[in-house]
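User: I've got the sequence and the model open and would like to go through the packing. Take me through it bit by bit.

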Amino acid sequence: MNERIVIVDDEPITRLDIRDILEQAGYEVVGEAGDGFEAIDVCQRQKPDLVIMDIRMPLLDGLKAGKRIIEDQLTQSIIYLSAYSDEADTDTAGRIGAVGYLVKPLSERSLLTTIHVGLARVEHNRQLAEKVEKLSVKLEQRKVIERAKGVLMAENNMTENAAYKMLRDLSMTKRCPMNDIAELIVTDA
């Protein structure tokens, strides 16, 4: 495991306990913070895979800090900790996008299980983002090819199938991707 985790809690002993659990389980703790402002700062510098954050802290609470951290894409997952099982806090944590909410005192097993699920979500989100990016590129390429077909049809008085065949043939003859040929055709001189 090389997953990078930040621990945020205003109690140094709690941070130390969590660090011990994580390091024994093979996780890398890349930063700690004692309030929401420090949490944002550490996450900006470290870009962790996961943040474990207390909700009730001085200066800036975990919910507000977590919202900012998620919005700024400084991490993909947050697990919230609280000494209270407050419905308003759990609702807010869910809206922010938290992958877990644990009530203190923490059980090592619950913490590690929740971390495992949170990190699985990070990987799932990464894979989805890659798919979306690939689909976006393909869609943009398809749009260029469609525009090039339109140009060929208008300039050469040909059918759509003939224009597509011409693009495909040019691509094979020139040993160049069809999208590159299409971009050259639609480029204004």
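User: At what angle do H3 and H4 pack, and are they parallel or perpendicular?

Analyst: Helices here are DSSP runs of H or I with at least four residues, strands are E runs of at least two, and both are numbered from the N terminus. Axes are lines fitted to C-alpha atoms, for helices over the stretch in contact, and angles run from 0 to 180 degrees between N-to-C directions. The axes of H3 and H4 lie 10 Å apart, at an angle of about 10°. Under 35 degrees counts as roughly parallel, over 145 as roughly antiparallel, 65 to 115 as roughly perpendicular and the rest as oblique, so for H3 and H4 the answer is roughly parallel.

User: What kind of model is this?

Analyst: Residues are numbered from 1 along each chain as its sequence is written, and side-chain values use heavy atoms, with hydrogens and water left out. Local features need pLDDT of at least 70, side-chain atom pairs count only at pLDDT 80 or more, and totals for chains, interfaces and linings use all residues, since the model is predicted.

User: Which residues of H4 does H3 meet?

Analyst: Contact means heavy atoms within 4.5 Å. From H3, the residues involved are Leu63, Gly66, Lys67 and Ile70. Their partners in H4 are Asp89, Thr92, Ala93 and Ile96.

User: Why do the buried residues of H3 sit on the same side, and how wide is their arc?

Analyst: Buried means under 20% relative accessible area, exposed over 50%, and partly exposed in between (1.4 Å probe, protein chains only). In H3 (62-71), the buried set is Gly62, Leu63, Ala65, Gly66 and Ile69. The arc is taken from the directions between the helix axis and the C-beta atoms. The buried residues of H3 share a side because their arc is only 160°.

User: What do those buried residues pack against, and which residues are exposed on the other side of H3?

Analyst: The buried residues of H3 pack against helix H2 (36-46), strand E3 (50-54), strand E4 (77-82) and helix H4 (87-96). On the other side of H3, the exposed residues are Lys64 and Glu71.

User: At the start of H3, within what distance does aspartate 61 reach the backbone nitrogen of leucine 63?

Analyst: A polar contact is a pair of N or O atoms within 3.5 Å; within protein, one must be able to donate a hydrogen and the other to accept it, and residues adjacent in sequence count only if both atoms are side-chain atoms. Here, a side-chain oxygen of aspartate 61 is the partner of that backbone nitrogen, and the reach is to within 2.9 Å.

User: What is phi of glutamine 73, and where is that residue?

Analyst: Most residues other than glycine have a negative phi. Glutamine 73 is exposed, with a relative accessible area of 63%. Glutamine 73 sits in the loop between H3 and E4, and its phi is positive, near 55°.

User: Which element gives the largest share of the largest nonpolar core?

Analyst: A nonpolar core is a set of buried Ala, Val, Leu, Ile, Met, Phe, Trp, Tyr and Cys residues joined through side-chain atoms within 4.5 Å. This one has 22 residues, and those with the most contacts inside it are Val8, Val51, Met53, Ile69 and Tyr80. Two or more residues each come from strand E1 (4-8), strand E2 (28-33), H2, E3, H3, E4 and H4. The largest share, four residues, comes from H2.

User: How many residues does the second core have?

Analyst: The second core is separate and includes Leu22, Tyr27, Leu81 and Leu119. Its residue count is 16.

User: Is asparagine 179 buried or exposed, and what does it contact?

Analyst: Asparagine 179 is in helix H7 and, at 10% relative accessibility, counts as buried. Leaving aside neighbours within four places in sequence, its contacts are Gln141, Val144 and Ile145.

User: How far is the backbone oxygen of lysine 47 from the side chain of arginine 4?

Analyst: Arginine 4 lies in strand E1, and at 23% relative accessibility it counts as partly exposed. Lysine 47 is in the loop between H2 and E3 and has a positive phi of about 45°. From the backbone oxygen of lysine 47 to a polar atom of the arginine 4 side chain is 3.2 Å.

User: Which peptide bond is cis?

Analyst: Most peptide bonds are trans. The exception to look at has omega near 0° and runs from lysine 104 to proline 105.
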